[in-house]
Amino acid sequence: MKEVTEISSYDATNLVFYVNGKRVEEKDVDPKMTLAAYLRDVLKLTGTKIGCNEGGCGACTVMISHIEDGQIRHFSANSCLMPICGVFGKAVTTVEGIGSVAKNRLHPVQERLAKAHGSQCGFCTPGFVMAMYALLRNNPNPTISDINLGLQGNLCRCTGYRPILEAFYSFAVDETGTLKVSEENGCGMGENCCKVKKQNGTTNGTCGSNEVTPGYTGGERKRKIQLSDLSGCKPYDPTQELIFPPELKLHGYESMSFAYNHHHTKWYQPVSYNDLLCLKRELPHARLMSGNSELAIELKFRFIDLPAVINPRQVKELHERHLDGHGVYMGTGMSLTDMDNYSVQLMKELPKEQTGVLKHVHEILHWFAGIHVRNVASVAGNIATASPISDLNPIWMASNAEVILDSDARGEKRVHIDEKFFLGYRKTVIQPDEIIKAVVVPLTHGNEHFAAYKQAQRREDDIAIVTGAFLVKLDPEGLIVENIRISYGGMAPTTILAMKAMEKLKGQKWSQEFLNQALALLSEELKLPAGVPGGMSQYRLSLALSFFFKFFLEVSKKLNLTEIEHVDADVKIGQDVPETLYATQLYQEVNANQPAHDPLGRPIKHVSGDKHTTGEAVYVDDINVADCQHIAFVLSPIAHGTLNSIDYTAALEVDGVIGYLDASDVTTGAKMGHHNDTPVFVKDKITFHGQPIAAIVATDHEIARKAASLVKLDYSVEKPIVTIKQALAAESFIFKHLVIHSSLNDNEQVVKTDWSKYERVVEGEIDMGGQEHFYLETQQCVVIPHEDDELEIIISNQCVNDVQIEVAKCLGMAQHKIQTKVKRIGGGFGGKESTGSILAVPASLAAKKYGKPMKIKFERFDDMAITGTRHPFTLQYKLAVDENGKFIDLDYTAMSNCGHTLDLSMGVMQRAMVHADNVYKFANADITGKMCKTNLASNTAFRGFGGPQGMFGTEIMVKHAAEKFGWNHDEIREKNFYEEGDCTPFGMHLNQCNVKRTWDECRENSDYDRRLEKVNTFNQNNKFRKRGIYLTPTRFGIGFGLKQLNQAGALVLVYTDGSVLVSHGGMEMGQGLHTKILQIAARCLEIPIEKVHIHDTSTDKVPNASATAASVGSDMNGLAISSADDAPKHFNVSLLGNSSNKMGIFSSKAIGEPPLFLGSCAFFAIREAVRAYRIQNKNRDYFVFHSPATPERIRMACEDFVTSHVPSLPEEGTYTPWTASV
């Protein structure tokens, strides 16, 4: 008999697979290593990016090909989750394998994405390319919905997705199979192209016609809608792709058993079902691994031991699927995608009344993770891990589905997934030696009704807050409930059946009274304590009740029970995913007489666009330095306390560990930050959770991380201050209060206001929460020591000058010995403006101490813990208005949560204060800023830099006044708009004041008034679905608050062959700055753009540069180029038609930050929809609606008969909340 645990008994004991057509054979690789890590660290294929390391962003997407049932099958997968041994006998294709700039060969996917301007920072781009590529390999003629589904697991933080979709929709076919983009129509919008619409009599037939472009107000430069013409791109030809490796097919690798032994981990991949059972008998505690979506997270963050792994995916018996007497049999070797496809197949083949459960399995699977996860994940893992917020387990429980469990010792048995299946949190009845062979999904029968629902923070690719599934069988004559099953996820430590409610509801008549009784029973049975793990106790209960109410109405409507209240109401959750893209963006056309070689104003694609799509664009972690060592931080597990001692013993025993750094390695008194208030490492006082205490130096990243987790800390805990409210109570401030008094514009002393004289006063308070930057590339840094005590620092940062200064200061070095540079970064949004020293200083200390190059890169979790967010604000206001709605007086206080040190909080607060007036004239204004010191990571710059927070409070105030006094909020705005020459509270006179003109054009061109009427009509006709529409004005100040920062330098080198090398102080983070600088230099030198090159941003080329921030990167650095060339300045910039910007460079529009607050329109529109629902329910009072508008806040503001069943929270201070708004 074969000894199944003996490695040598398997067909293959070396790991064999192919990457981009090249054979790879491994004899010594850790099975716990992921495919992404192997591609990047071993094969040096750095085009595959790592963004989240959790399968949530898609930056690591690759295509995997294998033989299944004799056919070659391709699928996309998250390589950050895929274990390296999981690709045994398979072929992996990465972005490098399909095209290359260096080889002058772009794949059609790459070509079209670059040409459509589909990349900005470019970090997500390889993942998008591979997602689309995998789709085309399976389906060369996809529909738009196929493309939407194929990109479901990919995130982009820069583009807003429109250009990506435009590029990829060009591969789509319509319902007749006709390509949407052809030589006659090169627009990615397909039938929505303006040229196509011309044929219906709306334009002149030119793609991008300017004749009917809304908002065009004259001037030399006309406007067009379409920027890219894709008709000239080469068509996709599937015959030109890499072939599947003949060796894998010829030698039948798909039917080979495979085992692998590496130090502490053994990998078993049997092909025999009996061998699988024997393995579980001999190794009952071995982990079964399929999609690895759960286990990968445990390995990454808990550093669990993994002595044995069993991968059952090659066992054919686990891929069986058929109908049997119990329902639909689906083997657990099927991926979730396979399960979904089989469900859809049966929905087409079986009578509709039998497919009730299958229909909702299909619908829920669409929202289950992303397509790249579903392609590899198994339903067995979802059941066995027993997550209490599982999307599918409530369906199995409500439908009374079965699992088939099998073991070598006891044989096969069927077990219902019922109230006895889940024993506790993450525990089931499954025995250690058992496998889940299959799940059997029941078919529905006559008089049975089934539905399932899910609510998450966002609709796609997100874990559930609450899931619910319901089955009811009704006697068709008397409508008596013969059977009812109600299951929930997210309402207990396990998926549950509402047994008490089910028992009492069985035998009752389906009626209005039945609904009332059910809601009362469920609210009692499902009640959650206020401090429940996961938080949101009231919201979760309201969701559970709302799901049942929705199910009740859907069943009643199906049965045509007209006596049921609201039976005809539309209760659909959300809207369907749009089949296609409907969007308009206006572009300015160059003047007809502009020289052909002059690139300014032309739609030049991103200078790195092609390299983004091929993975050849280099980021910090892509740089491989010889003999480089790696650093990982030891982080504080508490928010406030005193560090007593550090024990490195266990960490230093780990193979590959070199040493450590802590506060003893830092020069006494040396601190980071503009205000010298941030410790490099904790010496004694711990001031926030996640604060760096020490650092481990090791030979690779994972060894350093694991060793850091073994460092033992001894500390005493003190009560932290984390919220603005707590800081105010403790009078914990980081700096003195700041004030603006408009009365000082005309007086020597502040004029005190007597508020008692005003008849109309509105007073309130609103919170605006923080925001994580979530740049796709985490913070990273490489430090290389050189001769003469020099340091070369390569860092993902927006301000190389600050990094240079901080390292010099903390290490006691001269700045001229430190070269800091950056090629590009994978997104910043302000989060990489002032935080670079957190990495660069320790890495530089380590490089000095050990004399070796050092690399430090943050995991996503660490990045979010160590670095701060957008500043949360509480905004208090008191406004006096006259009988005509004119603003008389304002008392405004902005309070920010700064975190534990000052960082950039003063600048953020100052900008919030000078934006508190937004676009409105106040006869008098007193504005105060309070900066709260808390035990959080220092909150920092974020796009808008305080401006959005200041304007948000004001817009809330205007809305409050309008609702309180019964005025139209649009009219009240217009009455108080600034006019030309008006003076702001801080003494700035407004010239070229285009507030009213911009507002009027937006209102007219957006067809706002007609659309508002349509919204109101919709709301009147819909009981449970509401809409909102809103106009929000914005006035934003461009530039740095500190005048001395509004400077830049450039170095222009002209070579004898006529080529030009430009260096400037700005850096590239996706905004296309280098592209714009190339255009400016080419215009000023009057040479073709091809003759101009930019290498990187470096302190040894342009010293003392300001951060690339404040929306002035193009203007400051462009003007520096212009000055360096001694060329004439020509400023004729079109923002509005016939409205020039005399402070900008050529066509610069400073659009980085000013438009950000316009996104608050969505917030206010949501509030309008909520308000419509409240008014419908006789609740007309003004209501406080804090930002962000989370699903929880939206639902709980919609007070109705469902929320009346939700008990109030206990008095604040009597319980510990799970989360707190800071």
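**Group meeting: annotated sites and a charged patch**

Let me begin with the record: UniProt, in an unreviewed entry, assigns "domain: FAD-binding PCMH-type" to residues 260-446, and annotations of this kind may be inferred rather than shown by experiment. What we have is a predicted model, in which local features need pLDDT of at least 70 and side-chain atom pairs count only at pLDDT 80 or more, while totals for chains, interfaces and linings use all residues. Residues are numbered from 1 along each chain as its sequence is written, and side-chain values use heavy atoms, with hydrogens and water left out.

In residues 260-446, the end C-alpha atoms are 52 Å apart, and the span is 32% helix and 25% strand, where helices (H or I, at least four residues) and strands (E, at least two) are DSSP runs.

The same kind of unreviewed entry in UniProt gives "binding site" at Q798, F829, R943 and A1110. These positions are spread over 313 residues of sequence, yet they cluster in space, with a largest C-alpha distance of 12.4 Å. R943 sits in the loop between β37 (924-933) and α26 (947-965), and R943 is partly exposed because its relative accessibility is 31%, the class between buried, under 20%, and exposed, over 50%, with a 1.4 Å probe and protein chains only. A1110, in the loop between β41 (1097-1098) and α31 (1113-1125), is buried because its relative accessible area is 12%.

Finally, K22 belongs to strand β2 (residues 22-26), and K22 counts as exposed because its relative accessible area is 62%.
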